[in-house]
Amino acid sequence: MTDSPARTRTYQVRTFGCQMNVHDSERLSGLLEGAGYRAADDGDPADVVVFNTCAVRENADNKLYGNLGHLASVKAKRPGMQIAVGGCLAQKDRGEIVRRAPWVDVVFGTHNVGSLPTLLERARHYEQAQVEILDALEVFPSSLPAKRDSHYAGWVSISVGCNNTCTFCIVPSLRGKEADRRPGDVLAEVQMLVDDGVLEVTLLGQNVNSYGVQFGDRQAFGKLLRACGAIDGLERVRFTSPHPKDFTPDVIEAMAQTPNVCHQLHMPLQSGSDRVLKAMRRSYRSTRYLAILDEVRAAMPDAAITTDIIVGFPGETDEDFEQTLDVVRRSRFAGAFTFQYSPRPGTPAATLPDQVPPEVVAERFGRLTEIVTESALTENQRQVGRTVELLVSAGEGRKDNSSGRLTGRARDGRLVHFAPQPATATAAATAAAAGVSGSIRPGDVVTVTVTRAAPHHLVADEGVLTHRRTRAGDRSLEGTALITPGVGLGMPSVGRPARSPEPVTACG
Ligand code: SF4
């Protein structure tokens, strides 16, 4: 059963979870556009709804089956509609998804994102659900086309999978062992984005610091950062996430010495108790963690450091928790993602004895949140009076319409809501002298002076001091999406020598 060729089928991708999934969804959209689908308009029902799922968040499966249940009745009234489920939960639940929700047409895993258009076609042709889950990655998602969410900032994967075995984490069993892209492929993708006007890239991997493990260069990540520094027009380089165990001085040096690498570090702590870190199978200890932060701040005094912390890991005592609070106080975090531990089926920690009662976890969580908020506010208050450069963003300031402000990200990643017009005659004269003119668009670059701090954002109410119009700004107004082709030939290990044929020295 196929639609009339005159009608273009529409799609919608619904994304849950981390940056990795957000970027995979850009690939899914790119693939579907390449196969002739077009994005459904906001509010319109799509012919194909794709769920890109996450297995890390609590109740992920309840949420997925709830969403699927809602769509069952929509699909019943809409002949030809298809539903596809991919991502980590699909990789975990496999055929279980079509058993519980037989109206689902396609289930695909984390290793075969590229199969989606074929599976949709096959499901329509045979009028039968298609479930295809591979146990190992065959093709890097980065070799597939992508429909990018932004004209000014792009994600670039440097690796997929993880060789660590943190006991609370389901990722290694769903994303597999770490596979590294060749540095040449990564840099070619960065260059392609910059050629399209993108100003900022975020290098993405489950553990960016172990980049190079597959081709035998433990310093590959620092070299990659330095190589990004040589790309003309690339203004900002970020990365996520590093792992304290693999965080080496050469990376700190590369960050400090490469002007376009932002002084921003998201370094997951998870716990400040060495006993709990051991039980989590995270091989650094709190003193090492704090020493890394000291080294980072010695090299980059302006670095904004954020973290992830889990409260209530099995066996965590009051004393362990106090140790976490102590490390948090000493770390001067600019922000933290804090999580209440809850067992994830399939992870080693889920079956550990001494699960901490939920009310204890909640009480500790409240105390941690207070301290993290205090720390973030103190760090943000240091920014008041400083002049910062912002890359103007789209859709990050929820109250922008009512406040009349715009929003941007400072080089250190801080969110800044700013008044676009000079607020005083002096500021107006300064702006005029600096050539500030015309409307400010997402993707443009402005400088502002911070006037106020809150725990999660800064405010700059004296207007802009300078405004640079960019190609990304022009394109964000055009309303056309940025679609990039895939970069790379696939997995380096397929039919190739184990070491990268491109010397990593190409990285700098
Ligand atoms: S480093 Fe640990 S928490 Fe992060 S993805 Fe790997 S196993 Fe999971």
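This report describes the domains, sheets, helix contacts and ligand surroundings of a predicted model.

## Domain layout

The chain is divided into three parts, with domain 1 covering residues 10–132, domain 2 covering residues 141–381 and domain 3 covering residues 387–484. Taken over C-alpha atoms, the centres of domain 1 and domain 3 are separated by 36 Å.

## The six-stranded sheet and helix α1

Six strands build an open sheet with parallel pairing, and their order across the sheet is β2-β1-β3-β4-β5-β6. The edges are taken by β2 (38–39) and β6 (130–132), each of which has a single partner strand, so one side of each is left without a neighbour in the sheet. At the β6 edge, strand β5 (residues 106–108) pairs with β6 in the parallel sense over three bridges, and the bridge partner of Phe-108 in β6 is Glu-132.

Helix α1 (residues 19–34) packs on this sheet, where it touches β1 (10–15), β2, β3 (48–53) and β4 (82–87). The direction of α1 makes about 170° with that of β1.

## The three-stranded sheet and helix α13

A second open sheet consists of three strands in the order β13-β14-β15, again with parallel pairing. Its edge strands are β13 (264–266) and β15 (335–340), and because each has a single partner strand, one side of each is left without a neighbour in the sheet. From one strand to the next, the twist averages 10°.

Between β13 and strand β14 (residues 304–311), the parallel pairing extends over three bridges, and within it Leu-265 stands opposite Ile-305 in β14. Helix α13 packs on the sheet and touches β14 and β15, with its direction making about 175° with that of β15.

## Helix contacts around α12

Helix α12 (residues 318–331) and helix α13 (residues 358–381) have axes that come within 10 Å and cross at roughly 10°. Angles under 35 degrees count as roughly parallel, and α12 and α13 are therefore roughly parallel to each other. On the α12 side the contact is made by Phe-321, Leu-325, Val-328 and Arg-329, while α13 contributes Arg-364, Leu-368, Ile-371, Val-372 and Ser-375. Sorted by class, this contact has six nonpolar, one polar and two charged residues.

Helix α12 also meets helix α11 (residues 286–299), and the axes of these two helices come within 11 Å and cross at roughly 10°, which makes α11 roughly parallel to α12. Here α11 contributes Ser-286, Tyr-289, Leu-290 and Leu-293, and the partners on α12 are Gln-323, Val-327, Arg-330 and Ser-331. By class, the contact of α11 with α12 has four nonpolar, three polar and one charged residues.

## Surroundings of the ligand

Which residues lie around the ligand? They are Cys-162, Asn-164, Cys-166, Cys-169, Val-171, Pro-172, Gln-206, Asn-207 and His-243. This shell divides into five nonpolar and four polar residues, and it has no charged residues.

## Strand pairing between residues 387 and 468

Strands of a sheet pair through backbone hydrogen bonds, either parallel or antiparallel. Strand β16 (residues 387–392) pairs with strand β19 (residues 445–449) in the antiparallel sense over five bridges, and in this pairing Leu-390 stands opposite Val-446 in β19. Strand β19 is in turn joined by four bridges to strand β22 (residues 464–468), the two running antiparallel, with Thr-447 standing opposite Thr-466 in β22.

Strand β17 (residues 406–410) and strand β18 (residues 415–418) run antiparallel and are joined by four bridges, and the bridge partner of Arg-409 in β18 is Leu-415. These two strands form a hairpin with four residues between them, and Gly-413 in the turn has a positive phi of about 90°. Strand β18 also pairs with strand β21 (residues 458–460), in this case running parallel and joined by three bridges, and His-417 stands opposite Val-459 in β21.

Conventions: Residues numbered from 1 in each chain as written. Predicted model: local features only at pLDDT ≥ 70, side-chain atom pairs only at ≥ 80, totals over all residues. Domains from an automatic or database assignment. Axes fitted to C-alpha atoms, helices over the stretch in contact; angles between N-to-C directions. Parallel < 35°, antiparallel > 145°, perpendicular 65-115°, else oblique. Contact = placed C-beta atoms within 7 Å. Nonpolar A, V, L, I, M, F, W, Y, C, P; charged D, E, K, R; others polar. Pairing = 2+ DSSP bridges. Near = placed C-beta within 6 Å.
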